[in-house]
Amino acid sequence: MMDLGKHVAEVWQTGVLGVSLGEVVTAILVLLAFLGLRRVFFRFVVSSLRTVTRKTKSELDDLVLHAVEKPLEFGFVAVGFYVAGQVLPMSEGVSDTFDKFIRSLIALTLFWVLFRAIDPLSSFMDRGIAMLGSSSMRDTMKGFFVKLAKFVVICLGIAAVFQEWGFNVAALLGSLGLVGMAVALGAREFIANLFAGLTIFLDRMFEKGNWICTPDVDGLVEDIGFRATKIRRFDKALVTIPNSRLAGEALVNFSRMTNRRIYWIIGVEYRTTRDQLRLIVHDILKYLKSHEDFETDPARTKTFVFVDAFDASSINIMLYCFTKTTEWGEWLACKERLAYKVKDIVEGHGAAFAFPSTSLYVETLPFGNPETFPLPGKAQPQHVPSLPS
């Protein structure tokens, strides 16, 4: 029994790689203590800070505190590893590797804080981009720069971790000349889409929420990314189009309309008299110029109502005008009211709308007069032959 106790003591003191089991257990307990301290810290300290920030007028401090909570929790883990490592005796090589590991955790924590703080701190950009016009355009530009800033922070964080492990990032990038050329050739589409996205922003071709129409898709812009733009069609299907394709083809932005057009050809019958045509045109034009639905300022739009053409089955009246609203539902309601009024005007002057028709005139029938069929229940006149004179 004494020999067994001696062996246990020797194993306990020898441990693993020259580190006693007692020191390993102590280090584990220290790490667990910091994990528990993290819970206590965020239960009391962060809760107290959250109560203080709620009392301030600014919402920025609340957003920043919420953004950095997770990175701070991870920071406690890094500190726990560091303190636990001080308990363990390490050789020079192991100690150097452990120090690189701790510095990597610290670098990840700091860049994580920056990454999470970009969204709340982006509110400082609002004043700088206020000159861009509409709120949707400002939101689009703000979202683009936020994505760009996050991408830069991620790249810097990865470079900082590589630097801690002895990689010369600058020399590494310089030594990848041939590989970089190959990657550039393979990524030329991505680079083209990236510059096309910048062109879309700088030229303000469209913005988030706009209704656009391309040769391939018609719908609302849902998101503008580095590589592609997402468009929600009116059947609720989502279409993703590369930015280079959007920037290089004809594109109609219906959301930039100042007014919305109505262009009709109204056909009336050929029996309509000259006076009737003149009165119909006069009353329709009078309605357009007097009703609040329509824009009649000659500096902004043009309004025309004229007898336009003699068609195959009708005399055509051209109606060309613009509504003040550009919203599709309101525009449809304006068209409906105008249709009712045009119908009242045409019929009120004794005219009628024409429709395609064909008239057939027969001079003689090829087989003589048709036979008459007697109707049931009625006496038919009898043919009485004439007497010879």
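**Group meeting: helix H12 and a few other spots**

Okay, let's start on the outward side of helix H12, where Tyr340, Asp344 and Gly348 are exposed. Before I go on, keep in mind that this is a predicted model.

So what is H12? The helix runs over residues 328–348, which makes 21 residues. From its first C-alpha to its last it reaches 30 Å, close to the 30 Å expected at 1.5 Å a residue.

Now flip to the other side. Which residues of H12 are buried? Those are Trp331, Cys334, Leu338, Val342, Ile345 and Val346. Look down the axis of H12 and the buried ones fall within an arc of 100 degrees, so they line one face of the helix. The general rule behind that kind of pattern is familiar: an α-helix has 3.6 residues a turn, so residues three or four places apart point the same way.

And what covers that buried set? The cover includes strand E6, at 260–268, helix H11, at 274–290, and strand E8, at 315–323.

A quick word on the ends of H12. At the N-terminal end, Glu327 acts as the cap, with a side-chain oxygen 3.0 Å from the backbone nitrogen of Gly329. Just past the helix, Gly350 takes a positive phi of about 80 degrees.

Since Cys334 came up, let's do the cysteines. How many disulfides are there? The count comes to 0, taking a disulfide as a pair of cysteine sulfurs within 2.5 Å. Cys321 is in no disulfide, and its nearest cysteine sulfur, in Cys334, sits 9.3 Å away. Turn it around, and the closest cysteine sulfur to that of Cys334 is the one in Cys321, at 9.3 Å, which is too far for a bond. Both are tucked away, mind you: Cys321 counts as buried at 1% relative accessibility, and Cys334 is buried too, with a relative accessible area of 4%.

Back to strand E6 for a moment, because I want to show you Ile265, which is found in that strand. Is Ile265 buried or partly exposed? At 43% relative accessibility, Ile265 counts as partly exposed. Leaving out residues up to four places away in sequence, Ile265 touches Asp308, Asn316, Ile317 and Met318. The C-alpha atoms of Ile265 and Leu319 are separated by 6.3 Å, although the two residues are 54 apart along the chain.

Next, the strands E1 to E3. E1, residues 211–213, and E2, residues 218–224, pair in the antiparallel sense over 3 bridges, with Ile212 standing opposite Gly219 in E2. The connection from E1 to E2 is a hairpin through 4 residues. Then E2 pairs with E3, residues 228–233, again antiparallel, over 5 bridges. Here Leu220 stands opposite Arg232 in E3, and the hairpin has 3 residues between the strands.

Last stop is Asn243, which has its place in helix H10, residues 243–247. Asn243 counts as buried at 0% relative accessibility. What does its side chain contact? The side chain of Asn243 makes a polar contact with the side chain of Thr229, at 2.7 Å. Apart from residues up to four places away in sequence, Asn243 touches Asn193, Ala196, Gly197, Ile200, Gly225, Phe226, Arg227, Ala228 and Thr229.

That's the tour, happy to pull any of those up on screen.

Terms used. Residues numbered from 1 in each chain as written. Predicted model: local features only at pLDDT ≥ 70, side-chain atom pairs only at ≥ 80, totals over all residues. Heavy atoms only, no water. Helix = DSSP H or I, 4+ residues; strand = E, 2+ residues; numbered from the N terminus. Expected span 1.5 Å × (residues − 1). Buried < 20%, exposed > 50% of the residue type's maximum accessible area, 1.4 Å probe, protein only. Arc of directions from axis to C-beta. Contact = heavy atoms within 4.5 Å. Polar contact = N/O pair within 3.5 Å; in protein donor to acceptor, adjacent residues only side chain to side chain. Pairing = 2+ DSSP bridges.
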